[in-house]
Each structure stands twice: as C-alpha cells, then as structure tokens.
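Here is a set of short exercises to work through with the structure open beside you. Try each task on your own before you read the solution.

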Amino acid sequence: MSGSVVLVVDPVAQTAERVALALAGTRYSVRVVRDAVEAEAALDGDPIVAVLSAITLPRGNAYELARHVRAKHPEAAVLLVSGGFDVYNAERAAEAGVVGRLARPFSVEAVRRHLESALGPLGADEDQILDASSALEPL
C-alpha cells in the first residue's frame with residue numbers, strides 16, 4: 001500500500017465501508033484493522049493522515065491508541081467513533097490529541113464532512129458519494 005492512508009480501527013465492518021465510500025475517488029487509501037494491537041503495528045507502515053477509531057477496542061482503547069498515533073504521526077487527525085455503551089470522555093480525548101468524534105449511527109456524508117474538516121478538500125465526485133451512500137442502512 002502506498003500514498004496517504006486513513007486507518008480505520010473498528011471491529012464493526014460498516015465503519016470501514018462508510019469510510020471507504022467517503023474516500024472513493026480521492027488520493028487517500030483506507031486500511032482497516034480490528035483492534036488496538038493491529039492498529040499500533042499499522043502505524044509503522046505508510047504515512048497515516050487520519051485515524052478513525054472506535055472508543056472501545058479489543059485489546060486496548062482509542063485514547064491510548066491516539067497517544068501512539070500522535071507519537072508516530074504527529075500531523076495525523078484522530079477521530080473517535082462512539083455509540084452504544086461507549087462513553088466519550090472529552091477531557092481524555094483532548095489530552096490524547098483527538099480532533100473530533102462521530103456518533104453512531106452516521107452517514108457517509110458525515111464521515112466525509114469530518115475528514116474534510118481535518119484534511120481539507122477530498123476531491124471526490126460528489127454524485128458518486130451520494131449515490132453510493134444511499135444504498136446503505138445507518139449503523
């Protein structure tokens with residue numbers, strides 16, 4: 001894999017699907033891992049420009065992962081995904097360098113807005129994004 005990578009760390013497959021749809025046609029690629037240990041290993045590869053992570057992860061948590069991301073990729077944007085029984089702690093998030101949060105259920109458009117806020121214009125064809133997301137059910 002080469003280029004700028006958006007790392008998705010979530011055991012929920014639909015999160016990665018939404019991120020991939022949001023980034024379709026852009027210069028970014030999506031790499032998906034399911035837990036904190038796999039995510040830390042992925043930080044040693046290609047340049048990471050953003051990380052979207054569930055707060056509660058198998059083998060770790062997003063706040064500690066965010067600290068590892070900041071250490072290895074200081075310019076990367078870290079966004080947390082919350083939902084269900086996850087408790088978003090704004091103070092811990094700020095201390096860890098988290099720049100935003102997506103609350104489930106969320107749409108492809110919401111992912112795109114958050115990533116554009118963090119990374120700048122993504123440059124994908126808007127019609128393609130809207131058409132692709134309309135076929136998905138909310139998380």
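**Exercise 1. Take stock of the fold.**
Find how many helices and strands the protein has, and the pattern they follow along the sequence.

*Solution.* Step 1: this is a predicted model, and the protein in it has 6 helices and 7 strands. Step 2: reading along the sequence gives the pattern β-α-β-α-β-β-β-α-β-α-β-α-α. Step 3: for the overall picture, note that buried residues make up 42% of the 139 residues. Step 4: among contacts with a separation of 6 or more, 66% are between residues 24 or more positions apart.

**Exercise 2. Describe how two helices pack.**
At what angle do α1 and α5 pack, and which residues meet?

*Solution.* Step 1: locate helix α1 at residues 13–22 and helix α5 at residues 108–119. Step 2: the angle is about 65°, and the axes are 8 Å apart. Step 3: the crossing of α1 past α5 is right-handed. Step 4: from α1, the residues R18, V19, L21 and A22 meet V108, V111 and R112 of α5. Step 5: sorting the residues of this contact gives 5 nonpolar, no polar and 2 charged.

**Exercise 3. Place three strand residues.**
For S4, I48 and L57, decide whether each is buried, partly exposed or exposed, then look for its contacts.

*Solution.* Step 1: start with S4, in strand β1 (residues 4–9). Its relative accessibility is 23%, so S4 counts as partly exposed. The C-alpha atoms of S4 and V49 are 6.1 Å apart, with their positions 45 residues apart in sequence. Leaving aside neighbours within four places, S4 is in contact with R27, Y28, S29, P47 and V49.

Step 2: go on to I48 in strand β3 (residues 48–54). I48 counts as buried because its relative accessibility is 7%, and the cut-off for buried is under 20%. Beyond residues up to four places away, I48 touches V5, L7, A42, L43, H73 and A76. From I48 to R31, 17 residues apart along the chain, the C-alpha separation is 9.5 Å.

Step 3: finish with L57 in strand β4. With a relative accessible area of 6%, L57 is buried. L57 and A36 are 21 residues apart along the chain, and their C-alpha atoms are separated by 6.2 Å. A36 is also one of the contacts of L57, together with V9, D10, P11, A62 and L65, once neighbours within four places are left aside.

**Exercise 4. Look for backbone exceptions.**
Most residues other than glycine have a negative phi, and most peptide bonds are trans. Where is the cis peptide bond that joins R104 and P105, and what is the phi of R59?

*Solution.* Step 1: the bond between R104 and P105 is cis, with omega at about -5°. P105 sits in the loop between β7 (100–103) and α5. Step 2: R59 is not a glycine, yet its phi is positive, about 60°. The loop that holds R59 runs between β4 (56–57) and β5 (60–61). Step 3: R59 counts as exposed because its relative accessibility is 55%.

**Exercise 5. Check the aromatic rings.**
How many aromatic pairs are there, and which residue lies over the face of Y88?

*Solution.* Step 1: a pair needs ring centres within 6.5 Å, and the count comes to 0 aromatic pairs. Step 2: R101 lies over the face of Y88, at 4.4 Å from the ring centre.

Definitions and conventions:
Residues are numbered from 1 along each chain as its sequence is written. This is a predicted model: local features need pLDDT of at least 70, side-chain atom pairs count only at pLDDT 80 or more; totals for chains, interfaces and linings use all residues. Side-chain values use heavy atoms; hydrogens and water are left out. Axes are lines fitted to C-alpha atoms, for helices over the stretch in contact, and angles run from 0 to 180 degrees between N-to-C directions. Helices (H or I, at least four residues) and strands (E, at least two) are DSSP runs, numbered from the N terminus. A crossing is left-handed if the near helix is turned anticlockwise from the far one by less than a right angle, and right-handed if clockwise. Contact means heavy atoms within 4.5 Å. Ala, Val, Leu, Ile, Met, Phe, Trp, Tyr, Cys and Pro count as nonpolar, Asp, Glu, Lys and Arg as charged, and the others, Gly among them, as polar. Rings of Phe, Tyr and Trp (its six-membered ring) pair if their centres lie within 6.5 Å; planes under 30 degrees apart count as stacked, over 60 as edge-to-face and the rest as tilted. A charge sits over a ring if NZ of Lys or CZ of Arg is within 6 Å of the ring centre and within 35 degrees of the ring normal. Buried means under 20% relative accessible area, exposed over 50%, partly exposed in between (1.4 Å probe, protein chains only).
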